[in-house]
Amino acid sequence: GNPTPFIYGVDPNDLLTWDHDQIFGCSCSDGFEGYDCSLKSCPKGDDPLTPHQENEEQIFSCQDSDSNGSFALKFRGEYTSTLSATDSIEELES
């Protein structure tokens, strides 16, 4: 916001003058943002239609001593289904 010449008490963190119980915000629907959800969100991240680029490949490995383990991956707040230590490449790609 814009600074104002008003002083709200000597100590800005004084619980007696801080209006913490008067400040509200919104939990916006997907595609909207801002303090009142009135702003339409712009696309974020890489444009997949940019010419002359290659998809990035991430490789990692896990060790499981008894082949009974499982795990899930998380990316941008989304999880994969549970992946088993014994899943084949075909199962992972499906």
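What does the secondary structure of the chain come to? It comes to one helix and six strands. What I am showing is a predicted model, so please keep that in mind throughout.

Let me start with the order of the elements. From the N terminus on, they run β-β-β-β-β-β-α, with the helix at the end of that series. The chain has 94 residues, and buried residues make up 2% of them. As for contacts with a separation of 6 or more, residues 24 or more positions apart account for 0% of them.

Next, the disulfide. The structure holds one. For background, a disulfide is a covalent bond between the sulfur atoms of two cysteines. Here the partners are cysteine 28 and cysteine 37, with an S to S distance of 2.2 Å. The angle about the S-S bond is -90°, and the link of cysteine 28 and cysteine 37 is left-handed.

Is cysteine 28 buried, partly exposed or exposed? Cysteine 28 counts as partly exposed, because its relative accessibility is 25%. Its partner, cysteine 37, is in the loop between E1 and E2. The backbone at cysteine 37 deserves a look: phi is near 60°, a positive value in a residue other than glycine. In general, most residues other than glycine have a negative phi. Cysteine 42 is a further cysteine to mention; it has a relative accessibility of 56% and therefore counts as exposed.

A second positive phi turns up at arginine 76, at about 50°, and arginine 76 is not a glycine either. Where is arginine 76 found? It sits in the loop between strand E4, residues 74–75, and strand E5, residues 78–79. Arginine 76 has 68% relative accessibility, so it counts as exposed.

Back to the part of the chain around the disulfide, and to leucine 39. This residue lies in strand E2, which covers residues 39–40. Leucine 39 and cysteine 28 are 11 residues apart along the chain, and their C-alpha atoms are separated by 9.6 Å. Which residues is leucine 39 in contact with, leaving aside its neighbours within four places in sequence? They are Gly31, Phe32, Glu33 and Gly34. Why is leucine 39 called partly exposed? Its relative accessibility is 48%, and the exposed class begins over 50%.

One of those contacts, glutamate 33, brings me to the salt bridge. The structure holds one. Glutamate 33 and lysine 44 meet through their side chains, at 3.4 Å from N to O. The pair links distant parts of the chain, 11 residues apart: glutamate 33 is in strand E1, residues 32–33, and lysine 44 is in the loop between E2 and E3. Glutamate 33 has a relative accessible area of 33%, so it is partly exposed. Lysine 44, at 63% relative accessibility, counts as exposed.

Serine 65 also has its place in the loop between E2 and E3. Serine 65 is exposed because its relative accessible area is 81%. Along the chain, serine 65 and alanine 85 are 20 residues apart, while their C-alpha atoms are separated by 9.9 Å.

Now the pockets. As a reminder, rolling a probe the size of a water molecule over the atoms shows where empty space is left. The largest pocket has a volume of about 470 Å³. It is lined by 16 residues, of which Phe60, Phe71, Leu83, Ser84 and Leu92 are the closest to its centre. Which elements each supply at least two residues of that lining? They are strand E3 (70–71), strand E6 (83–84) and helix H1 (89–93). H1 gives the most, with three residues. By class, the lining of the largest pocket has eight nonpolar, five polar and three charged residues.

The second largest pocket holds about 240 Å³ of space. Its lining consists of Asn55, Glu56, Gln58, Phe60, Leu73, Lys74 and Phe75. Three of these lining residues are nonpolar, two are polar and two are charged. Phe60 is a name you have heard before: it is among the residues closest to the centre of the largest pocket, and it also lines the second largest.

To recap, this predicted model has one helix and six strands, one disulfide and one salt bridge. That is what I have for today.

Terms used. Residues are numbered from 1 along each chain as its sequence is written. This is a predicted model: local features need pLDDT of at least 70, side-chain atom pairs count only at pLDDT 80 or more; totals for chains, interfaces and linings use all residues. Side-chain values use heavy atoms; hydrogens and water are left out. A disulfide is a pair of cysteine sulfur atoms within 2.5 Å. Buried means under 20% relative accessible area, exposed over 50%, partly exposed in between (1.4 Å probe, protein chains only). On a 1 Å grid over the protein atoms alone, a cavity is a set of points where a 1.4 Å probe fits but cannot get out, and a pocket is an open set with protein on both sides within 12 Å along at least five of seven lines; lining residues have an atom within 4 Å of a point. Grid points are joined across faces, edges and corners, and a volume is the space filled by probe spheres set on the points. Helices (H or I, at least four residues) and strands (E, at least two) are DSSP runs, numbered from the N terminus. Ala, Val, Leu, Ile, Met, Phe, Trp, Tyr, Cys and Pro count as nonpolar, Asp, Glu, Lys and Arg as charged, and the others, Gly among them, as polar. Contact means heavy atoms within 4.5 Å. A salt bridge is a side-chain nitrogen of Lys or Arg within 4 Å of a carboxyl oxygen of Asp or Glu.
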